[in-house]
Amino acid sequence: MSIDFRQLEEKWQRRWEEARLFEANPDPSRPKFYATVAYPYPNAPQHIGHARTYTLADVHARYMRMKGYNTLFPMAFHYTGTPILAQSKLIAAGDQELLGYLRSLYGVPEEVIKTFDVPINIAKYFHSDLKLGMRGMGFSIDWRREFTTIDPAYSKFIEWQFHQLSSKSLITKGMHPVGWCPSCKNPVGQHDTRGDVEPEVGEFTAIKFDLDGISLPTATLRPETIFGVTNIWINPEVDYVEVEAQGERMIVSRQAAEKLCEQRSCVSVGREVRGSSLVGRWVTNPVNGRKVPILPADFVHPDNATGVVMSVPAHAPYDLLALRDIKKSPQVLGKFGLDLGILSGVEPIPVARLEGASDIPAQDVVERMKVKDQMDPKAEEATKELYQKEFHMAQMRPETGKYAGMPVSKAKEGVKKDLISAKKAFSFFEILNGPIYCRCGSKVTVNLLSDQWFINYGDESWKALVREHLRKMSLLPEDLRVEFENVVEWLKEKACARRSGLGTPLPWDKNWIIESLSDSTIYMAFYTIAKVLNERRVDPKKLDHAIFDYVFLGNGDPSKLSVDREIAEEMRREFSYFYPLDSRHSGRDLVPNHLTFFIFNHVAIFPKELWPRQIAVNGFVLNEGEKMSKSFGNIIPLRKVVGIYGADTLRVSILSTSELLQDANFSEALAKSTRSKLQEFFTFAVQYEEAGPVNLSSLDALDRWLLSRVQRVVEQTTASMDCLRAREAIQNAFFTLQQDVQWYLRRHAEGGDPKVKSVVRYAVETIVRMMAPFAPHLCEEIWERFGNKGFVSTAEWPKAVPSLVDETAEISEELLKSVVSDTAEIIRVTGLTPTKICYYAAPSWKWEVCLKLVALLEGGTDPKALIKEAMKDPVVRSRGGEAAKFVLFMSQNVVSMPTEQRRRLLSSKAIDEISVLKANAPFLSEYFRTQVEVFPGESPSYDPKKKAGQAAPLRPAIYVEGYSCSA
């Protein structure tokens with residue numbers, strides 16, 4: 001039976017909407033569950049990468065709804081920031097690359113593109129597109145709570161948030177380095193850059209070496225090594241410039257001069273200085289007056305800090321290797337009229353002592369790693385290793401004066417501070433993870449802003465609250481805890497406003513617009529009241545601080561507010577019922593910013609009982625094994641994929657291949673395979689729509705086995721869903737249980753038996769309920785065809801029924817399955833066509849040994865002591881060497897046996913293997929198309945190859961008689 005997936009999906013989406021199925025209202029009689037996922041930025045369609053995060057959040061919401069929770073899953077749209085403005089500018093300027101994406105990749109009509117010179121038109125168009133995509137995916141969203149971040153009511157809410165932060169002195173104004181777009185004249189964060197990359201600003205110490213009255217500033221991350229400088233590196237092919245800054249002359253690369261203009265006041269650029277003209281000259285070290293030469297180095301990049309590098313070969317593998325390379329190739333110096341004589345005094349000068357290392361630690365690591373030269377990739381690894389070890393474990397040497405004996409980690413800050421105080425150095429800021437580009441196309445630099453507004457995430461008392469809550473929060477997966485803790489430690493001031501862009505003006509300084517990572521941290525609270533604001537048409541002008549104080553903090557008298565008391569109390573009820581947030585879903589890329597800011601702002605503003613309970617984070621999606629990128633041309637808009645394969649196919653595909661933090665790989669082959677499997681399941685399932693309920697009084701062992709397996713799979717799937725192991729849940733619920741059903745039907749020759757049909761229907765209906773969060777449209781269709789009332793989306797999640805668990809039936813069937821598998825393998829390996837198969841069941845004494853070993857292991861006995869303990873049994877000892885060999889063999893098997901199987905063995909005791917095998921001999925005979933006989937493992941009447949002695953519990957000995965086809 002063929003399915004039109006899109007027609008079926010539209011049918012159920014329409015039915016859900018008509019029934020208002022996913023609208024959640026406060027209901028004190030029911031437990032609530034509140035989940036959110038990041039609201040999207042409407043400047044492009046969503047693609048399959050977004051689909052993973054949003055589908056996982058929807059699956060979570062659907063699962064909790066089926067578990068009986070009054071589940072709220074809302075959605076809004078994030079208009080804030082500069083990206084839409086930048087996009088509009090590029091379109092107006094006729095940027096062909098962007099126009100090409102809009103036309104060919106996104107399918108935007110030409111007449112619509114013409115309106116995109118007005119930024120808000122871009123947002124409105126993609127807002128609509130995104131919403132259609134979410135509806136098409138079947139997301140169970142309460143759309144009554146929809147808003148945008150430029151709605152006047154939302155802006156009032158953000159003003160209140162910033163008032164709260166400001167009242168706690170968590171917003172500051174001052175000088176601070178920020179990622180900066182020189183074209184937009186704005187600070188930039190992750191949401192403002194191409195590829196959504198957060199600029200990492202690093203602080204270098206630019207140490208001034210004197211060159212005949214002009215400073216040559218060398219930028220370094222290790223100022224404490226200044227005592228070990230042997231020379232300066234300059235790129236001879238680069239044009240440097242002389243600059244004057246605050247009355248001081250310096251020589252830096254042209255790129256560095258441009259950066260200095262953003263970081264220091266009164267900078268003027270003067271004459272050009274060719275790098276080659278500096279080679280061979282001598283400069284003076286500012287801390288000890290030592291003269292050191294300037295040497296040529298092609299590896300010095302003019303766009304890296306100042307374009308001037310100090311060489312410390314005792315502690316920097318690259319410097320050590322570069323000096324070795326020059327000594328091996330004197331012609332390099334010859335180009336500049338120099339010879340090796342200039343290197344006569346250039347020898348490594350140790351600065352720090354590292355326990356276990358020689359005086360020249362760089363030489364140790366280079367030799368140990370066998371690093372050949374500067375071009376060897378191992379040079380970078382050697383540098384990182386040595387830096388880490390010296391920073392954490394080394395102490396400064398006596399030659400460093402007042403810093404002697406000081407840990408390197410402490411000396412680094414001390415030397416920097418002293419050099420800057422003595423005006424022998426200055427701070428130079430650089431983008432560490434560059435190059436990064438603003439969405440307008442300009443390269444991101446660093447600007448040292450003097451009047452910038454910041455949220456002070458470096459406040460220690462605030463961090464203490466965050467650490468306290470983070471210890472108690474549920475994080476899925478748990479592996480992320482250290483990552484979050486590290487982010488909390490390094491977070492400092494974050495620029496929170498821009499000079500331009502869409503969004504909310506800073507309440508006390510209207511020239512600034514609150515930026516997108518600062519107005520998106522507590523909006524989950526706004527969802528709870530958005531429905532009231534939308535339906536009651538509340539005038540945003542009436543939303544002052546007092547309203548929000550009452551609604552969100554419970555402060556004030558509702559009868560004295562600027563809105564009707566009834567409306568205020570309704571908003572308070574909505575918030576009080578749904579808060580705190582139970583689960584926040586997002587991608588891993590937001591851990592260093594949004595997700596951590598989300599925790600910070602909640603603990604700052606709300607009382608402890610309203611702090612968020614859980615964060616769930618997932619990895620990325622690859623397309624045919626490759627990272628998705630517009631430049632690769634492999635981004636597929638979400639609505640296009642849904643149109644081709646259907647929503648259920650996409651939902652199952654992107655969640656069935658990987659667990660949370662792993663990257664999922666979407667491919668055309670996967671989508672086609674998933675669609676085929678869903679189609680096959682539907683065709684199979686509807687065959688049983690007329691089957692009746694299971695009659696528990698007429699079940700045989702095989703029926704009891706399948707019913708028991710259903711309970712196991714329900715337990716396993718529920719456990720997987722509780723920790724959002726979606727791949728595992730789909731594997732169990734959809735694939736494993738279907739395999740069990742197929743085995744059951746293979747074993748039951750009478751597939752048309754009403755009893756068999758009723759057992760299969762029970763299993764299928766359980767699959768439908770467990771797969772409903774993943775493939776809701778298909779499952780609704782089957783659910784209805786089975787004659788069930790209501791929607792499967794709100795049906796009860798299946799619960800394991802203890803009375804239907806049959807340990808003996810499961811172990812017996814596992815025995816039979818393993819016998820079939822082992823026999824088939826013997827036939828395959830030997831190449832025989834069987835004429836007779838003999839099975840030998842383990843004798844009772846072997847079962848006693850097995851159960852004793854299991855009991856010892858489950859009782860806490862050390863696995864190494866199992867054999868010794870088992871041999872204490874007089875019955876075992878009486879059997880001599882045969883028993884000793886078996887105990888050794890069985891102890892190894894028991895230790896490797898899954899814990900669940902060991903526990904089942906203990907609860908069911910010994911299985912009457914010979915009875916199980918004899919009862920199923922007809923099946924085995926039919927399966928292998930030959931005669932089958934079953935014998936006891938001791939004194940069998942027929943055992944020509946003496947196989948019986950090999951019989952072990954759950955592993956009968958097998959003898960296959962037959963002939964070879966080749967013979």
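**Aromatic contacts, helix packing and a buried helix**

In this predicted model, the charged end of Arg747 is placed over the ring of Phe923, at 4.9 Å from the ring centre. A second arrangement of this kind involves Arg264, whose charged end sits over the ring of Phe426, 4.4 Å from its centre.

Interactions between aromatic rings were also examined. A pair of aromatic rings is described by the distance of the centres and the angle of the planes. A search of the whole structure yields 51 aromatic pairs. One of these is formed by Tyr106 and Phe126, with 6.1 Å from centre to centre and 85 degrees between the planes. Since an angle over 60 degrees counts as edge-to-face, the pair of Tyr106 and Phe126 is assigned to that class. The two residues are 20 residues apart, and the pair links distant parts of the chain. Tyr106 belongs to the loop between helix H4 (96–105) and helix H5 (110–113), whereas Phe126 lies in helix H6 (residues 119–136). Both Tyr106 and Phe126 are buried.

Two helix pairs were analysed for their packing geometry. Helix H14 (residues 460–472) and helix H15 (residues 481–490) have axes that come within 10 Å and cross at roughly 175 degrees. H14 is therefore roughly antiparallel to H15. On the H14 side, the contact is made by Lys463, Val466, Arg467, Leu470 and Arg471. H15 contributes Arg481, Phe484, Glu485, Val488, Glu489 and Trp490.

The second pair consists of helix H28 (residues 844–858) and helix H32 (residues 899–908), which pack at an angle of about 120 degrees with their axes 10 Å apart. H28 and H32 are therefore oblique to each other, and H28 passes H32 in a left-handed crossing. In this contact, Trp847, Cys850, Leu851, Val854, Ala855, Leu857 and Glu858 of H28 meet Thr899, Arg902, Arg903, Leu905 and Leu906 of H32.

Helix H26 (residues 776–785) was considered with respect to burial. Eight of its ten residues are buried, so H26 is largely enclosed by the rest of the structure. The buried residues are Pro776, His777, Leu778, Cys779, Glu780, Glu781, Ile782 and Trp783. Their cover includes helix H1 (5–19) and helix H2 (48–66), together with helix H21 (647–655), helix H22 (668–685) and helix H25 (754–771). Just after H26, Gly787 adopts a positive phi of about 85 degrees.

Technical notes. Residues numbered from 1 in each chain as written. Predicted model: local features only at pLDDT ≥ 70, side-chain atom pairs only at ≥ 80, totals over all residues. Heavy atoms only, no water. Phe/Tyr/Trp six-rings, centres within 6.5 Å; stacked < 30°, edge-to-face > 60°. Helix = DSSP H or I, 4+ residues; strand = E, 2+ residues; numbered from the N terminus. Buried < 20%, exposed > 50% of the residue type's maximum accessible area, 1.4 Å probe, protein only. Lys NZ or Arg CZ within 6 Å of the ring centre and 35° of its normal. Axes fitted to C-alpha atoms, helices over the stretch in contact; angles between N-to-C directions. Parallel < 35°, antiparallel > 145°, perpendicular 65-115°, else oblique. Left-handed = near helix turned anticlockwise from the far one by under 90°. Contact = heavy atoms within 4.5 Å.
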